[in-house]
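Biologist: I should like to take a close look at a single part of this structure. Please describe one helix and its surroundings in terms that a first-year student can follow.

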Amino acid sequence: MSGTDLRERIAELVSEATTGEVAAADVLAGGSMVALGVDSLGLLRLVDAIELEYGVEVDLNGPGRTLDTLDDLVALVSVAGAGRAATGSGGTGGPLS
């Protein structure tokens, strides 16, 4: 999946996680998801959706970089996918933050 396709899919997941209250187009425009209106329930739904679709464990409160923008999430999924490809692991690894 290309970087553009990944960005668009994760933006769709954000919109689905907020039951359409936050449009995918708004997420693609950039900025903080919280500022766009993604509440705590939406974030939990988004984490579940990313974990199910990409096999990546997401820890929003973990140490390290923040995961508040679309680009943060795309980087997380991209790095995790590259790590699985390099190790040949098809399952989920440990939590990423």
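Modeller: The following account begins with the whole chain and then turns to helix α1.

The model is predicted: local features need pLDDT of at least 70, side-chain atom pairs count only at pLDDT 80 or more, and totals for chains, interfaces and linings use all residues. Residues are numbered from 1 along each chain as its sequence is written, and side-chain values use heavy atoms, with hydrogens and water left out.

The chain contains 5 helices and 0 strands; here helices (H or I, at least four residues) and strands (E, at least two) are DSSP runs, numbered from the N terminus. Along the sequence the pattern reads α-α-α-α-α. Of its 97 residues, 32% count as buried, where buried means under 20% relative accessible area, exposed over 50% and partly exposed in between, for a 1.4 Å probe and protein chains only. Contact means heavy atoms within 4.5 Å. Among the contacts in the chain between residues at least 6 apart in sequence, 57% join residues at least 24 apart.

Helix α1 covers residues 3-17, and its packing against α4, residues 40-54, deserves attention. Two packed helices are described by the angle between their axes and the distance between the axes. For α1 and α4 the angle is about 135° and the axes lie 8 Å apart; axes are lines fitted to C-alpha atoms, for helices over the stretch in contact, and angles run from 0 to 180 degrees between N-to-C directions. This angle makes α1 oblique to α4, because angles under 35 degrees count as roughly parallel, over 145 as roughly antiparallel, 65 to 115 as roughly perpendicular and the rest as oblique. The crossing of α1 past α4 is right-handed, that is, the near helix is turned clockwise from the far one by less than a right angle.

On the α1 side, L6, R9, I10, L13, V14 and A17 take part, and they meet G42, R45, L46, A49, I50, E53 and Y54 of α4. By class, this contact has 9 nonpolar, 1 polar and 3 charged residues; Ala, Val, Leu, Ile, Met, Phe, Trp, Tyr, Cys and Pro count as nonpolar, Asp, Glu, Lys and Arg as charged, and the others, Gly among them, as polar.

Some of these residues reappear in the largest nonpolar core: of its 24 residues, I10, L46, I50 and Y54 touch the most other members. Such a core is a set of buried Ala, Val, Leu, Ile, Met, Phe, Trp, Tyr and Cys residues joined through side-chain atoms within 4.5 Å. Helices α1, α4 and α5 (70-87) each supply at least two residues of this core. Leaving aside neighbours within four places in sequence, I50 is in contact with L13, G55, V56, V58, L73 and V77.

Near the end of α1, two residues may be set side by side. S15 has 15% relative accessibility and therefore counts as buried; beyond its neighbours within four places in sequence, S15 is in contact with G20, V22, A23 and A24. E16, also in α1, has 49% relative accessibility and so counts as partly exposed. E16 and R45 are 29 residues apart in sequence, yet 8.6 Å apart in space, C-alpha to C-alpha.

The loop between α1 and α2 (24-29) holds T19. T19 counts as exposed because its relative accessibility is 58%. Its phi is near 50°, a positive value in a residue other than glycine. Most residues other than glycine have a negative phi.
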